[in-house]
Structure formats: structure tokens, C-alpha cells
Amino acid sequence: DFPSSSYTSLHQYSTILISQVVASTMIGRVSATLARRSATPSTINTRRTILPALSTATHPNNITSHITTSSTHRSFSEKPKKGGSEFIFSRLGDASKITPLLAKLQQECWDGYVSTGRGCHTLFQLIDTDSSGKITWSEIRFFLENVRESDVNPEARKMVLEAANEHSITFAEFQAWLIRATTATKELKNTYASEHYHTSIGSVKKDADSEHSWNKHTMSQNLRRMQYAVRGEVVIRADAMAAEGRKIIYTNIGNPHAVGQKPITYYRQVLSLCDLPAECGVDNTQVAAAFPSDVIERAIEMRDAIGPAGTGAYTNSQGIGKFRDDVAHFITARDEHVALPSNIFLSNGASAAIENVLTGLIGSNRDAIMIPIPQYPIYSAIISRLGARQVGYFLDEEKNWAITERELEERRTAAVERDGLDIRALTLINPGNPTGQVLGREDLEIICTFCAKHNIVLLADEVYQRNIYDDKKEFVSAKKVAVETPGCENLQLISFHSTSKGLIGECGRRGGYMELHNIDPYVQTQLYKLASSG
């Protein structure tokens, strides 16, 4: 059942096939499925038949025309060649043997597309079971019945079924439909920006896609699906209203200086002396007349830590050692547990550290991150862009946005057992953003114990730890609770803090850190490598 004239064995043929289909992002799971099904003699025929099922599309003579394109102008009208999927039904007498595997392949390929935005050609071929070059109503219905309903925009689901009932779906139509199918619903997305953004860049022709090789069909689909309205669509709408003469107070993000807060003089003075050449600043004979003595003392101390190269030079990728010592002393005094400078990474604000950690965590199409609802949208935005799934756990507003163990367990169970996802990490925001609640020790123990129990990495976003305005509340760090709670000895934890929020309020002056607690040493070296590349 395989072209023996070209390949010496089924193993060689399947190996080459796998190496080709991996470019479409789904073969990791597919190969595992095939391996399990080929473990017994009764399934050998199934394996020998399904491998050639994609042979026309993935044969070395054809692969370049399907996975890549020789044209410098890439448009969405390209389509895979016919032939291949008809083997699935025509070469196997009993279709019942192959239908479950086909459904599995379609699901895996769809998961790959949802996570990465890649594999469109392969997905089309798997749905087009008779290799006619078009998808019929029965074929698209079979596909939709085998993928998670929550992954497909409801309006797009209805639209494609109605269209397929009238005519078979071409590849170009299918690719355009994928854009709709993976677009957020109207309830989750403000369409104002996409409808009015052209006013800021000039008029856009209706057929602009056909004039650009880089368009909404060929761009990163993860970026297209990413939502970050607080800095995007909300602001675009506000700018348009301001242009109409409306007075706008921009409180979409925490940005105190934008709404009138004055800078703290001490920080500005110290920074200026660090930036100035020594002869113009700390070594100038008139410096004492221009700056207070404590400012001069601190600036000299920081300049010594920075070194003779000054503030214009690159530093250690993990951050200047003396500054990391200062952070470690702060954490040790706060938690009454030792913090090591070697476990601390200084960062361009907490956001950059969060992105680096999520980049290192997310490794497959099925990886998921649990995030609180409501949440600051940087998490959902980065998760979407990196191709992972978000699993929301809801805070109980009636109990002052408390977290319950039942909610965490139910959300995890649904994600793992129903949706087949792998929960890699859980994000905790304390104090809450945007809810503002301060979690008590009991809440933190629930979260730490839950993560330790299920081997989930805990990401503690604690950038507002200094912003507590209730005298009855006190901030307690996740690390302190983790160290002091039985059963959490092996909890993997990364904590984030930022200078711009609770310390100086100057969000444009980026500064932050993350502390790694009980993180695999090899992973830590890879995070260092990632920090070095930024």
C-alpha cells in the first residue's frame, strides 16, 4: 500500500511523511495516534492505508507546492492540489475503521491551526475526503461535529453550513472562512477599531488584500486573534472622540503621569546624576549646590554598581548584580525568608518578564494557562499570540472577588478531561487588577496547594503590593505562603513586581523584576538565554 519503488520500507516512508507534515504543525499528535493504532497486528492495515492517505499532498515531489510557495507574491488564493484523501475511503473496504482516525486527525490539525494559525492546507485536505478540491456540506458537517464547539465562532459555523448547502466550498473560500471561524464574537470584541482605524492611515482600498502578499490571510493568525483593547480599540475610539472635541480622561491603563501626577524629585535627581558624565555631575565642584547630599550619595553608589561604562552600555542579561542584591534584601525583609540574587531577573517592567516566562512555558498546541476572570488583558493577549489556550477561573464578586478551591478544580477538570488541555501554569494577580481585592492568607494557601497538587507553575503578579488603601488589609506574598504551607515544598513559583506601579508611578520608565522559586535549573538557564536575546 505504499510506493515501495521509492522507499525501502514502510518505516522509511512514514518517517519521510512525518517530516513533511510536521511543517503543518499537527504531526506530533498524529504520529502518536498512528503509533498507538499500529501497536497490534489488527491495526497494521489501518496504518498502512492512512499513511498514503496524504501521499499526494506530501510526497517529496509535491511538498514544495503545498507547504511553501515559489512565488514571491503569496496570496490567499493558492490551493492544494487534488488527490490523496480519497485513499482513506477507497482503499479501505470498511469505512468504519478509518472514520474515527480521520476525525482524530481533523481534530489534531484543527488544534494546530487554532494554536499556531498554520496548517490550513493540510486541514483542507483532511476535510476534503474525496479529494475533489472542494468541501461538500456533509464533509464540513463531519468536521464541525468533531471539533470543540467553543473553538469556532458561532456565526461562522452557521455561515459555512449554509454556504456549503448551496455550493461546495473552494480552498480560497475555506481560508477566508477560517478567519471568521477564529475571530472573537461580537460580545468579546469591539469592532470599532477595525472599522475606523483607516482614518488614521488614510483610505484603504476594498481589495487591498489582493495587492499585498502580507495581508490578513497570510499574516500571523495568532497576532490577528490577539485582543488587547485597553491599549488598542478603546484608545482608538477615545482618540476619535477627542478629535470631535470631546474631553477625554484616559484611565484605560494605570498611567498616573498622564492624568497629572507630578514626578518624585528624588528619583529624577538620582537618575540625572547617573546619566550625566562624572565631570558634569557627581565630580563637579558645584554639584552640592544643585543636588541634596542624599541624592549625591545614592548616585555615587549606583554609578559604582553600574561601572565605568555608564548607563549607555549593555549590562548582565539578568541585571546588574548590586541592584539584584538590593531586590533580594527587599524580598528577604518582606517575607522573612531568604531570597537569592541568583534567582532574580531584572526586567523592562513586569510585562517583559511575564512574556519571557510564558514564552518558555508554552510548548505545544494543547498547553493552557489558567487566568483569573476578570483579569488585566496582557495575559490573554500574550497567551493568544504564543498559540496557547486560556482557561479562566472566575472570582466570586459576592465574596469580595475571592477564590474558591471548587472553582479552580472544576475549571481544571473541564479543561483537562473534557478539552484535553495541559494546564501548564496559573496566574494570580494580587492585589487584583482590575478588581482591587487583596487576597488573604487563606486564599493564597488554596491557590498554592492547588498548584502544588497538580504540578502547575504559579505565576504571582504582585505589582500592586504597595497599593493597598484598606487599613484592615495587609499584603502577603505568594512566596511567603508557599514556603510556610505544608504540601507546597515543591511548588514551582515565579513572582513579579514593578517599580512603575507602587513605587514611583512613572509607567514610561520601565523597571521590574521576577524571582524564581523552585524552578528547574536548566529552565532557568534557558530563561537567561531568552533574556539575553531581548
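Entry 1, terms. I take contact to mean heavy atoms within 4.5 Å, and I keep in mind throughout that this is a predicted model. With that cut-off I looked up helix α22 (residues 441-453), which lies across β2, β4 and β5. I noted its direction as well, and α22 runs at about 165° to β4.

Entry 2, the sheet. I next traced the strand order and found an open sheet of seven strands, arranged β1-β7-β6-β5-β4-β2-β3, with mixed pairing. The edge strands are β1 (344-347) and β3 (389-394), each of which pairs on one side only. From one strand to the next, I recorded a twist that averages 20°. I then asked which strands α19 touches where it packs on the sheet. I listed β1, β2, β4, β5, β6 (493-498) and β7 (512-517), and I noted that the direction of α19 makes about 160° with that of β6.

Entry 3, strand β4. I turned to β4 (residues 422-429) and asked how many of its residues are buried. The strand is mostly covered, with six of its eight residues buried. On one side I followed its pairing with strand β2 (residues 367-373), where the two run parallel and are joined by four bridges; within this pairing, Ile369 has Ala425 of β4 as its bridge partner. I then followed the pairing of β4 with strand β5 (residues 457-461), which is also parallel and has five bridges, and there I found Thr427 opposite Leu459 of β5. As a reminder to myself, strands of a sheet pair through backbone hydrogen bonds, either parallel or antiparallel.

Entry 4, α19 against α25. Finally I looked at how helix α19 (residues 349-361) meets helix α25 (residues 521-533), and found that their axes come within 10 Å and cross at roughly 125°. Angles of 65 to 115 degrees count as roughly perpendicular and those over 145 as roughly antiparallel, and α19 and α25 are therefore oblique to each other. I noted the crossing of α19 past α25 as right-handed. Which residues make the contact? From α19 I wrote down Asn356, Val357 and Thr359, and from α25 I wrote down Leu527, Leu530 and Ala531. Sorting the residues of this contact by character, I have four nonpolar and two polar, with no charged residue among them.

Definitions and conventions. Residues are numbered from 1 along each chain as its sequence is written. This is a predicted model: local features need pLDDT of at least 70, side-chain atom pairs count only at pLDDT 80 or more; totals for chains, interfaces and linings use all residues. Side-chain values use heavy atoms; hydrogens and water are left out. Axes are lines fitted to C-alpha atoms, for helices over the stretch in contact, and angles run from 0 to 180 degrees between N-to-C directions. Angles under 35 degrees count as roughly parallel, over 145 as roughly antiparallel, 65 to 115 as roughly perpendicular and the rest as oblique. A crossing is left-handed if the near helix is turned anticlockwise from the far one by less than a right angle, and right-handed if clockwise. Ala, Val, Leu, Ile, Met, Phe, Trp, Tyr, Cys and Pro count as nonpolar, Asp, Glu, Lys and Arg as charged, and the others, Gly among them, as polar. Buried means under 20% relative accessible area, exposed over 50%, partly exposed in between (1.4 Å probe, protein chains only). Two strands pair if DSSP finds at least two bridges between them.
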